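Dear colleague,

Here is the structure that I promised to hand over, with its sequence. Please look it over first, and then read my notes below.

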Amino acid sequence: RKARAWVNNIVSRTKTVLSLSVFVSLFVALCCTAKNEVYLFHRLVLMKDEKSTYESMQYSPTVRFYTPIHRLVNALIEYHQENSVIESLHATVENTFVEDCSFTSPNIVLVLGESYSRQHSQLYGYDKPTTPFQAQYAKDSNFVVFDNVISAWNLTYEVFKNMLSTHCACDEGEWHQYPLFTTLFKKAGYNVAFLSNQFVVNSDTYSDFQENILLNDSKMSEAQFDVRNAKRFRYDEELLDECVEVEVSFGRGNLIIYHLMGQHVDFKERYPKEWALFEPCMYPGLSEETAAIVAQYDNATLYNDYVLSRIIEKYKNTETIIIHTSDHGERSGLNGDGYGRRFSFCQEDIEGQYEIPFWIFMTTEYEKKHVHIKQKIVNATQRPISTDNIAHLMLSLAGIKTKYYNPLYDPLSVDFDSLQPRLIWDTFDYDKRMELKK
């Protein structure tokens, strides 16, 4: 009886301790994940999108959908929400028409970088030689650097849909109710190639669901592109090497879009070892960890500079105009405050994530035949431009006549509206917000 009583006493105390431990563990876990639980409530219960959720919470969780069931529910909700968008895009394609096309620029190349902040570009005054090839090209008059270009978003999908759509932030309605400039190019008679090191056709590997709406929905892909690649590559130069044959059948009008992996995180995975020229010791004042991140980002930028030079060299003997920009920037540790992207709109985050490089290169043959376009480009270098404006710039360069073209949004037009608000996240006026910071 004494032994039984002793054992019962121990068991009772153990139950109490275990119960208290479980309670404390759950309480601590709840406190640690509270932000994420609120995020899940907004996304999965209230069915809000990322933008609306951020506006409600004013902060970003660090984990988001951290179990398979959360991801499954989110996928079902997104499918339901985006199905109407797909139907709208299909209807827009069917109702889109082009009045005429002069094929003003017979060969247009649009190069879209990834996560490229102009804070790390030698072209924009960065103190490290990260863009030696571009710096050399910039010595010639046919390489024109723009000084005031921003991205409207820091998420690739949001940038893509707003960049491709002729809808701008000041327009009524939704982006998917306006035609994509790629569909207008194809309807006008241009051959359109989309060569991406991220989003490939008929891929059985990972591809974000939302990007698939624009690019891998069969009707949308057919309506926009004649040629696409079906394979990703570890490094961007391999994309150029493997996709040489896509231009063989091109005719009088060609639009070629390169979508690079660029400086997407993880930075150290974006360049071959021989391009690791920047080292942490070159960044005094930063912690060892942060200096390593910045060095990796600069190495990725240096390698990207080489890839861009290869694209220029590929077309330099043809009548071609090349436009280069990035989908968005990236927090890269340069300011000593982490890396990646976040939904914060302090000055440092805006500069790193939304201020992007933008330049236009004209081959010698193109420059000779289009002196008037070159002058328009030179006159536009200081204009306040957003990725929202690119669709109208592209239509202008091609000479496509359509009711969807708006000269107020075309940076090369004398009617360009320099006072139009440049919204980031469809919410914050970039120019007003940066002026307040000054």
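A salt bridge is counted here where a side-chain nitrogen of Lys or Arg lies within 4 Å of a carboxyl oxygen of Asp or Glu. Please keep in mind throughout that this is a predicted model. By that criterion the side chains of Arg 422 and Asp 431 meet in a salt bridge, at 2.8 Å from N to O. The two partners differ in their surroundings, since Arg 422 counts as buried at 3% relative accessibility, whereas Asp 431 is partly exposed, with a relative accessible area of 32%. Elsewhere, salt bridges that share partners join Glu 237, Asp 241 and Arg 310 into one network.

The structure holds 14 salt bridges, and two others deserve a description. In one of them the side chains of Arg 310 and Asp 241 meet at 2.6 Å, N to O. This pair links distant parts of the chain, with Arg 310 in helix H10 (residues 288-315) and Asp 241 in helix H9 (residues 236-242), 69 residues apart. Arg 310 counts as partly exposed at 27% relative accessibility, and Asp 241 likewise counts as partly exposed, at 40%. In the other, Lys 374 pairs with Glu 367, the closest N and O atoms being 2.3 Å apart. Here Lys 374 counts as buried at 17% relative accessibility, and Glu 367 counts as buried at 16%.

Glu 351, in helix H11 (residues 347-354), offers a contrast. This residue is buried yet has no salt bridge, and the nearest side chain of opposite charge, that of Arg 118, is 8.3 Å away; the cut-off for a salt bridge is 4 Å, so that pair does not qualify. Leaving aside residues up to four places away in sequence, Glu 351 touches Ser 117, Gln 119 and Met 434.

As for the chain as a whole, the protein has 15 helices and 15 strands, and its C-alpha trace spans about 105 × 55 × 45 Å along the principal axes. Buried residues make up 53% of the 438 residues. The chain exposes about 20,500 Å², of which carbon and sulfur atoms supply 54%. Among contacts between residues at least 6 apart in sequence, 77% join residues at least 24 apart.

Two elements are largely enclosed by the rest of the structure. Strand S8 (residues 320-326) is one, because seven of its seven residues are buried. Both of its faces are covered, with Thr 320, Ile 322, His 324 and Ser 326 buried on one side and Ile 321, Ile 323 and Thr 325 buried on the other. S8 pairs with strand S2 (residues 107-113) in the parallel sense over seven bridges, while five bridges join S8 to strand S11 (residues 358-362) in an antiparallel arrangement. His 324 therefore makes a useful landmark when you follow these strands: Val 111 stands opposite His 324, and so does Trp 359 in S11. Helix H5 (residues 156-164) is the other element, because nine of its nine residues are buried, including the charged residues Glu 158 and Lys 161.

At the surface, Leu 20, Phe 23, Val 24, Phe 27 and Val 28 form a nonpolar patch with about 500 Å² of accessible area together. Phe 23 belongs to helix H1 (residues 2-45) and counts as exposed, at 56% relative accessibility.

With best wishes

Definitions and conventions. Residues numbered from 1 in each chain as written. Predicted model: local features only at pLDDT ≥ 70, side-chain atom pairs only at ≥ 80, totals over all residues. Heavy atoms only, no water. Patch = residues over 30% accessible without salt bridge, like charges linked within 9 Å, V, L, I, M, F, W, Y side chains within 5 Å. Areas by Shrake-Rupley, 256 points an atom, 1.4 Å probe, with all protein chains shown as cover. Helix = DSSP H or I, 4+ residues; strand = E, 2+ residues; numbered from the N terminus. Buried < 20%, exposed > 50% of the residue type's maximum accessible area, 1.4 Å probe, protein only. Pairing = 2+ DSSP bridges. Contact = heavy atoms within 4.5 Å.
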